[in-house]
Amino acid sequence: MKTVFSGIQPTGKVHLGNFLGAINNWVDMSNIKNKNYFCVVDLHSLTTHPDPKKMEENILSTVRVLIAAGINLDNSTIYTQSKVSEHAQLSWVLSNFCQIGELQRMTQFKEKSSELGNHAGILTYPILMTADILIHKANEVPVGDDQTQHLELTRNIAERFNNKYGNVFPIPEKTSGKVGTRLMSLRHPENKMSKSADDINGTIYFDDSRDQIIKKFKSSVTDSEDEIRYDLEAKKGISNLIDIFSSIKGITHKEVEKKFSGSKYGEFKIEVGETVAEYIEPIFSKYKSLNEKEILSLLKANLDIAKSSAKETMKEVNGLLGI
Ligand code: AQP
C-alpha cells in the first residue's frame, strides 16, 4: 500500500485549476487502496499575510470542497497543517539539508517574491513543503505541474538525510493528472489560474453559477486566428481551453482539435463553458448539502490519525539526531 500526501492552501476559493491539476487526482488515489493524507496547508498561506478573520472560514470551505469533490473518506485523512506541529519541527531539521542557492533558483521564489514581498518565508516554504511530504513518509505526491521543481527538491533533501542517517524516508514520486495539469487564467493566459488572482474573470471558482461560467469563457482571451489548434507558444488562450476540455472529457488534444475542426472560437468557448458548468455544478450542490457538524467531527478524528503518524516519524528523526 502506498502513502500519498498532498496539500492545498486556504488562500481563497478553490478553482478549476486546483481540481484538474490536483484534486481530481486525489479523488482517484483515494479510490484505490492507498493511505492518503490531504492537508489544508494554512502555515503555507502565511506567506501571503492573510486576513485572520477569514482563515477559519477558508479552511472549512476548502475541506468541504475536498469532500464534495468525492474524496473517499474511508482511505483518507483530511486535516489542517498547523494543528500538527511536527510539520514545522521537521521543516527546521530539513533546512539543514538544503542549500540556499537551491531555494533561490526556484521559479516560484522568483515569481512570488516580486508579488508578495521579499521575506524569508517565500524563500524557505519549499522546505516546509518537503517536511509536509516526509512527515508521513509519503511515496506519492499528486500535485499540479507547477510543483515539479518543489518535488525535485524534496527528493534531494530526503536523499541527503538518508545518506547521513540511514534509510528513513522513501524518495517520493510526483503523480500528475493525464492532461491539463497547469491551467492558465482565462483573461491572462500567460499566468496560471489562481485563487488570489486580481482579475477574478480569469478564474473559474467552485461556486460560480452556470451563467457566470459561460460568461467567463465567452470573454476568455484567445488570438486573432480562428483555428482550434493546440500551440502553447502562439495560441496560449486556445491551448488552455483545449486543455480544460480534454481534461474534463478525458480525451486527447488531437481529439479535441478534430471534434472542433471548422468551428468558430465563439462556439468552442460556449461548449467548453457548458462542459465546465456541468463539471462544477454537482460539486457545488454536494458542497451545499454537507453538514457542518459532521465535517467538524470528521476533522477531529482525522487530526488524531495525522498527529499519531507525524509523531512517530518525528520520534524516529529526533532519535537519529540525538535530541
Ligand atoms: N492553475 C493551476 N493548474 C493546475 N494545478 C494547479 N494548482 C494550483 N493552481 C493550479 C494545484 O492545486 C494544488 C493546490 O494548490 P495550492 O492551493 O497549494 O497553491 P497554489 O499552487 O499557489 O494555488 P493557487 O490556487 O494559485 O493559490 P494562490 O493564489 O494562493 O497562489 C497544488 O497541487 C497545485 O499544483
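## The ligand shell and two helix crossings

In this predicted model, an oxygen atom of the ligand lies 3.0 Å from an N or O atom in the side chain of Asn 18. Considered by itself, the ligand would expose 640 Å², and the protein buries 95% of that area. Two further polar pairs involve residues close in numbering to Asn 18: an N or O atom in the side chain of His 15 is 2.6 Å from an oxygen atom of the ligand, while a polar backbone atom of Gly 17 is 3.1 Å from a nitrogen atom of the ligand.

The ligand is surrounded by 22 residues, of which the closest are His 15, Asp 146, Ser 194, Lys 195 and Ser 196. Sorted by class, this shell consists of twelve polar, five nonpolar and five charged residues. Strand S1 (3-8) and helix H1 each contribute at least two residues to the shell, and H1, with four residues, gives the most.

Helix H1, which spans residues 16-31, also packs against another helix, H12 (residues 265-289), and the axes of the two come within 12 Å and cross at roughly 75°. Because angles of 65 to 115 degrees count as roughly perpendicular, H1 is described as roughly perpendicular to H12. On the H1 side the contact is made by Leu 16, Phe 19, Leu 20 and Asn 24, which meet Val 276, Tyr 279, Ile 280 and Ile 283 of H12. By class, seven residues of this contact are nonpolar and one is polar, with no charged residue taking part.

A second crossing is found between helix H3 (residues 52-68) and helix H13 (residues 292-321), whose axes are 11 Å apart and pack at an angle of about 95°. That angle therefore makes H3 and H13 roughly perpendicular to each other. Here Leu 60, Val 63, Arg 64 and Ile 67 from H3 meet Glu 292, Ile 295, Leu 296, Leu 298 and Leu 299 from H13. The residues of this contact divide into seven nonpolar and two charged, with no polar residue among them.

Notes: Residues numbered from 1 in each chain as written. Predicted model: local features only at pLDDT ≥ 70, side-chain atom pairs only at ≥ 80, totals over all residues. Heavy atoms only, no water. Axes fitted to C-alpha atoms, helices over the stretch in contact; angles between N-to-C directions. Parallel < 35°, antiparallel > 145°, perpendicular 65-115°, else oblique. Contact = heavy atoms within 4.5 Å. Nonpolar A, V, L, I, M, F, W, Y, C, P; charged D, E, K, R; others polar. Near = heavy atom within 4 Å. Polar contact = N/O pair within 3.5 Å; in protein donor to acceptor, adjacent residues only side chain to side chain. Areas by Shrake-Rupley, 256 points an atom, 1.4 Å probe, with all protein chains shown as cover.
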